[in-house]
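Visitor: I am new to reading protein structures, and I would like to go through this one slowly. Could you show it to me and take my questions one at a time?

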Amino acid sequence: MAGNDPMAVRVGCERARQWVSLRLDGELSALEDELLARHLSACAGCRAFAARVRSATTLIRRTPAESPSRRVEPPTPRLPRFPLERRGTALVAAAALALGALVGSLLERPSTPTPTAPGAEVSLLTRDVQQLRELPRENRAPVPVRSTPPNPPEGVI
């Protein structure tokens, strides 16, 4: 694997053990299959793990499926029942809420609408652009560009 680094060995073994299961299900690519074969030839622990997983999988796949002795049906959900008094209370609360929203919107509305001339929006925009042009400008030094790419994060090959 990667020399004497125990962390690299553990990561390689974890990956190999995941690939063992994928290989049994036929979901491993040709490259991953070759890398797994190389790892298994060098790692006795993973070879033993692969043998145990292979035998357990074979045993499970050969065992006939059992069918239940009786039919199991999920319980039917019951809708909650609200007494008539609760329905009336909910209706009164909803009506009060709607009335409060209506009154609140009437109180917040301006009393007289502001008339707008057809060209008023354009003149407001030109005034804003003029104010932006009058703002002082700062001369800032350009941001230096890195000439070398940053190092990849640890663990990335």
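Guide: Let us begin with helix 2, keeping in mind that this is a predicted model. On one side of helix 2, the exposed residues are Ala30, Leu31, Arg38, Ser41 and Ala42.

Visitor: Which residues of helix 2 are buried, and why can they be placed on the same side?
Guide: The buried residues cover an arc of only 95° around the axis of helix 2, and therefore they lie on the same side of it. The exposed residues, among them Arg38 and Ser41, are on the other side of helix 2. The buried residues asked for are Leu36, His39 and Leu40.

Visitor: How far apart are the end C-alpha atoms of helix 2, and what span should its residues give?
Guide: Helix 2 has 13 residues, and the expected span is 1.5 Å times one less than that number, so it should come to 18 Å. This agrees with the distance in the model, where the end C-alpha atoms are separated by 19 Å.

Visitor: Which helix gives the largest share of the largest nonpolar core?
Guide: The largest nonpolar core has ten residues, including Trp19, Leu28, Leu36 and Cys46. Two or more residues come from each of helix 1, helix 2 and helix 3. The largest share is four residues, and the helix that gives them is helix 1.

Visitor: With which residues is Trp19 in contact, leaving aside its neighbours within four places in sequence?
Guide: Trp19 belongs to the largest nonpolar core, as do Leu28 and Leu36. Once the neighbours within four places in sequence are left aside, the residues in contact with Trp19 are Leu28, Glu32, Leu35 and Leu36.

Visitor: How many disulfides does a search of the whole structure find?
Guide: A disulfide is a covalent bond between the sulfur atoms of two cysteines. For Cys13, the closest cysteine sulfur is that of Cys46 at 3.6 Å, which is too far for a bond because the cut-off is 2.5 Å. Cys46 is in no disulfide either, as its nearest cysteine sulfur, that of Cys43, is 3.6 Å away. Over the whole structure, the number of disulfides found is zero.

Visitor: Is Cys46 buried or exposed, and what is its relative accessible area?
Guide: A residue counts as buried when its relative accessible area is under 20%. Cys13 is buried, with a value of 13%. Cys46 is also buried, and its relative accessible area is 1%.

Visitor: What distance separates the C-alpha atoms of Gly45 and Cys13?
Guide: Gly45 is found in helix 3, and it is partly exposed, with a relative accessible area of 36%. Gly45 and Cys13 are 32 residues apart along the chain, and the distance between their C-alpha atoms is 8.6 Å.

Key:
Residues numbered from 1 in each chain as written. Predicted model: local features only at pLDDT ≥ 70, side-chain atom pairs only at ≥ 80, totals over all residues. Heavy atoms only, no water. Core = buried A, V, L, I, M, F, W, Y, C linked by side-chain atoms within 4.5 Å. Buried < 20%, exposed > 50% of the residue type's maximum accessible area, 1.4 Å probe, protein only. Contact = heavy atoms within 4.5 Å. Arc of directions from axis to C-beta.
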